Structures are given as C-alpha cells and as structure tokens.
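Work through the exercises below with the sequence and the structure in view, and try each task before reading its solution.

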Amino acid sequence: MPPSPAPGTTLLCALLACLALPATGTTAPAQPRKLTNSLGMTLVRIPAGTFHMGSHEPMTRLQKAYPLAERERLEALKDEAPVHRVRISRAFYVGQTEVTVGQFRHFVQASHYVPESEADGTGGYGYNADYDPEKSVRGDAFEGRDPRYSWRNPGFAQDDKHPVVNITWNDAQALARWLSQQEGRHYRLPTEAEWEYAARAGTRTRYHSGDDPRTLLKVANTFDASAKPLWPKFAANALAGDDGFAFTAPVARFRPNAFGLYDMHGNAWEWTNDLYGEDYYAHSPAKDPQGPSEGHVYVRRGGSWHTWSLYARSSYRNWNSPQTRYTLVGMRLVLDAPK
C-alpha cells in the first residue's frame with residue numbers, strides 16, 4: 001500500500017517529486033515519459049498529434065470478417081462514421097493499465113467514498129453459474145442488480161492486480177476528483193477522441209494488433225475458448241484460441257500497444273468523459289472534440305473479457321447511464337500534462 005505523505009506535503013510532491021514548473025525566463029524541463037502517482041498508478045505520456053477517428057468499413061467486408069454477426073448488428077455500427085480527422089492539441093498522461101482492484105480499494109479506504117453499488121443498496125451485477133438468463137426479466141447475461149455484487153465481488157475471483165469492475169461513471173469521477181484534490185493536479189476520464197487516439201497508437205487497423213480478430217489473442221483478454229464453456233449460448237461467437245482467462249486477467253498480462261498501454265482491447269470496458277451522440281461524428285470539432293453538450297448516457301470503450309471480437313475494435317462505441325454498474329465495466333484515468 002502506498003505510504004501516507006508527511007503533514008502539509010501533497011501526495012504529488014511526495015511521490016512525483018513535485019515536477020515544479022520552471023521560474024520565469026527559464027526553459028521548461030522535458031516532461032517525463034512516465035509518472036507514478038500516489039495510488040501506484042503508472043501513467044504514460046501521450047504526445048499531441050492527429051489521427052483518423054471512426055470507421056466506415058463496407059458491409060461486405062465486415063460480413064467476411066465477422067460471418068456470424070447478424071446484419072442488424074453490422075448496420076448498428078453506423079455511429080462509427082464518418083471517419084474524420086481529429087487533432088489532439090496537447091499531450092496528456094493516461095493510465096498504462098486500467099484502474100485495479102487494489103488501487104480502487106486504497107481510494108475507498110483513504111477517502112471514505114462509498115461506491116454506488118454499495119451506497120444505494122441495489123448492488124451490481126455478477127457471474128453466477130446457477131443463474132439462467134432465460135428465466136430473468138431482461139434476459140441479461142449476468143445476475144443483478146443484487147446487493148451481493150459490487151466492485152468487491154463480481155461473482156468471480158479477483159486479486160488486487162485485476163481491473164476493478166462494477167464501477168459507475170459517477171464512481172470514476174469521484175476517484176478523479178479525489179486524486180486531483182490530493183495531488184494538486186487535474187485527473188479526469190479521457191475524452192472519447194483521446195481514448196481512441198491512445199488505443200490506436202498510430203494504427204488505422206481494427207485493433208492495434210492488426211485487422212485479423214485472431215491477433216487479439218496476443219494483446220487482449222476477450223471472449224474465447226477459456227470463456228465459452230461458461231456461456232454455451234454464445235459459444236459460436238468465441239474467438240478461435242485461448243488467452244488463458246475465463247474472466248478478468250491481471251492487468252498488463254498481454255502485449256502493449258505502441259504507446260506502451262496495456263488492455264486497450266478487452267479485460268474491462270472503460271468509461272470516457274463524453275456523452276453519447278449517434279450522429280456526433282458528422283459535426284464534431286476537428287480539434288479536441290469533447291462530445292455532445294447534451295445527452296443522458298456516456299460512452300464506454302474497448303470491450304471486456306466477455307466481449308466478441310466485433311465489439312473490441314478500436315472504433316467501436318458503446319454507452320450506458322452514469323449510474324450503470326456492471327461486471328464488465330471499469331475505467332482508466334487521464335492526468336493533464338503541464339502546459
């Protein structure tokens with residue numbers, strides 16, 4: 001567990017060596033490639049740059065790559081278009097991994113924050129081998145909401161190095177605010193554009209590992225041979241191969257992308273700061289888009305350990321209400337770089 005700072009000393013100064021801005025008239029020091037914060041998170045500096053956001057693959061190509069996907073599933077991907085050029089004008093730091101169970105536990109203990117899955121008494125979602133989706137009201141793949149399930153218990157074993165799940169958008173914001181107050185710097189969730197820019201790491205393929213879904217086996221924990229025996233109904237959609245994990249994997253077990261980021265595909269869905277707009281790409285700003293100004297649901301990205309390869313692509317967009325807590329959903333934080 002990270003040590004407590006000395007009285008009157010911010011966690012940033014204690015653990016990030018203050019990274020003070022230079023005196024007037026001096027040259028700013030080069031920003032470090034990586035930082036380690038007060039919760040033990042490693043954050044990687046992502047340079048400013050330009051990329052093409054979204055996807056406009058023709059239906060015929062998608063059908064060939066994902067032959068089991070029904071036409072309506074493929075047609076629903078229209079919110080990934082049009083592909084548009086986006087400029088990220090400022091460098092930023094992003095978590096090298098998803099926030100872990102251990103890091104979130106330390107936040108809860110130090111801040112006395114009560115996550116929504118516990119605070120409202122309704123719980124979250126979890127895996128139960130005896131649960132039958134066909135007998136549930138909604139037909140959901142997981143059991144819930146149920147007070148048994150929360151970030152502490154998603155229905156399967158996790159240790160402190162696994163990504164925390166059953167995290168709401170509001171929980172993620174609470175962690176970002178607390179870290180900002182403790183360290184005197186600004187933490188937040190990534191924008192949707194920052195997330196895709198970081199995930200692609202200079203690539204324009206479906207995954208940072210290439211176009212072939214089978215390349216995910218080297219870089220991601222998704223729905224494959226390890227998981228399909230637990231969900232016979234979805235078995236045909238399992239990736240051909242075995243990544244060794246039926247549920248979440250400890251973070252950083254797979255190959256990173258070119259920016260050095262782990263698990264940008266799979267393991268846990270990651271909240272972004274942006275509201276969702278189906279047609280937002282048609283009129284979004286070319287520089288640092290922040291998402292729609294109005295809406296009711298927030299974008300999550302990247303897929304999870306239970307996600308089919310179609311939905312683990314860099315361009316895929318999904319969304320939920322800010323109170324949603326689910327056994328597949330976690331987070332990754334951004335720290336604004338000094339100007």
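Two strands count as paired if DSSP finds at least two bridges between them. The model used throughout is a predicted one.

**Exercise 1. A sheet with mixed pairing**

Task: Find which strands form the open sheet of 4 strands, and determine how many bridges join S9 to S12.

Solution: Begin with the order of the strands, which is S11-S10-S9-S12, and note that the pairing in this open sheet is mixed. Next look at the ends of that order, where strand S11 (318–320) and strand S12 (329–330) are the edge strands, each pairing on one side only. Then turn to S9 and S12, which run parallel and are joined by 2 bridges; since at least two bridges are required for a pair, S9 and S12 therefore qualify as paired. Finally, place one bridge exactly: tryptophan 269 has valine 329 as its bridge partner in S12.

**Exercise 2. An antiparallel sheet and its edges**

Task: Trace the open sheet of 5 strands and explain why one side of S1 and one side of S8 are left without a neighbour in the sheet.

Solution: The strands follow the order S1-S2-S5-S13-S8, with antiparallel pairing. Strand S1 (34–36) and strand S8 (187–188) stand at the edges and have a single partner strand each, so each has one side without a neighbour in the sheet. Moving inward along the order, strand S2 (residues 42–46) pairs with strand S5 (residues 92–95) over 4 bridges in the antiparallel sense, and here isoleucine 46 stands opposite phenylalanine 92 in S5.

**Exercise 3. The two faces of a strand**

Task: Sort the residues of strand S3 by face, covered or uncovered, and then identify the strand that bridges join to S3.

Solution: Strand S3 spans residues 49–53, and its covered face consists of Gly49, Phe51 and Met53, while Thr50 and His52 make up the uncovered one. The strand joined to S3 is S4 (residues 84–88), with 5 bridges between the two, which run antiparallel. Glycine 49, which belongs to the covered face, has isoleucine 88 of S4 as its bridge partner. Continue to the loop between helix H3 (71–75) and S4, where proline 82 is found; the peptide bond that joins alanine 81 and proline 82 is cis, with omega about 0°.

**Exercise 4. Two helices that cross**

Task: Describe how H4 and H6 cross, and work out which residues make the contact.

Solution: The axes of helix H4 (residues 101–111) and helix H6 (residues 169–183) come within 11 Å and cross at roughly 65°. Angles of 65 to 115 degrees count as roughly perpendicular, and the two helices are therefore described as roughly perpendicular to each other. The crossing is left-handed. On the H4 side the contact is made by Phe104, Phe107, Ala110 and Ser111, and on the H6 side by Ala174, Leu175 and Trp178. By character, these residues divide into 6 nonpolar, 1 polar and no charged. As a last step, list the buried residues of H4, which are Val101, Gln103, Phe104, His106, Phe107 and Val108, and note that the buried residues of H4 pack against H6.

**Exercise 5. Positive phi outside glycine**

Task: Decide whether histidine 112 and asparagine 267 are buried or exposed, after locating each in its loop.

Solution: Histidine 112 lies in the loop between H4 and helix H5 (116–119), and has a positive phi of about 65° although it is not a glycine. With a relative accessible area of 67%, histidine 112 is exposed, the cut-off for that term being over 50%. Asparagine 267, in the loop between H8 and strand S9 (269–275), also has a positive phi, of about 75°, without being a glycine. Its relative accessible area, however, is 0%, and asparagine 267 is buried, a term that applies under 20%.

**Exercise 6. A covered helix and the loop after it**

Task: Establish how many residues of H7 are buried, and what histidine 208 touches in the loop beyond H7.

Solution: Helix H7 (residues 192–200) is mostly covered, with 9 of its 9 residues buried, among them Trp195, Tyr197 and Arg200. Alanine 201 follows H7 and has a positive phi, near 50°. Farther on, histidine 208 is found in the loop between H7 and helix H8 (216–219). At 13% relative accessibility, histidine 208 counts as buried. Leaving aside residues up to four places away in sequence, histidine 208 touches several residues, including Ala199, Arg200, Arg255, His265 and Ser314.

Key: Residues numbered from 1 in each chain as written. Predicted model: local features only at pLDDT ≥ 70, side-chain atom pairs only at ≥ 80, totals over all residues. Heavy atoms only, no water. Buried < 20%, exposed > 50% of the residue type's maximum accessible area, 1.4 Å probe, protein only. Axes fitted to C-alpha atoms, helices over the stretch in contact; angles between N-to-C directions. Parallel < 35°, antiparallel > 145°, perpendicular 65-115°, else oblique. Left-handed = near helix turned anticlockwise from the far one by under 90°. Contact = heavy atoms within 4.5 Å. Nonpolar A, V, L, I, M, F, W, Y, C, P; charged D, E, K, R; others polar.
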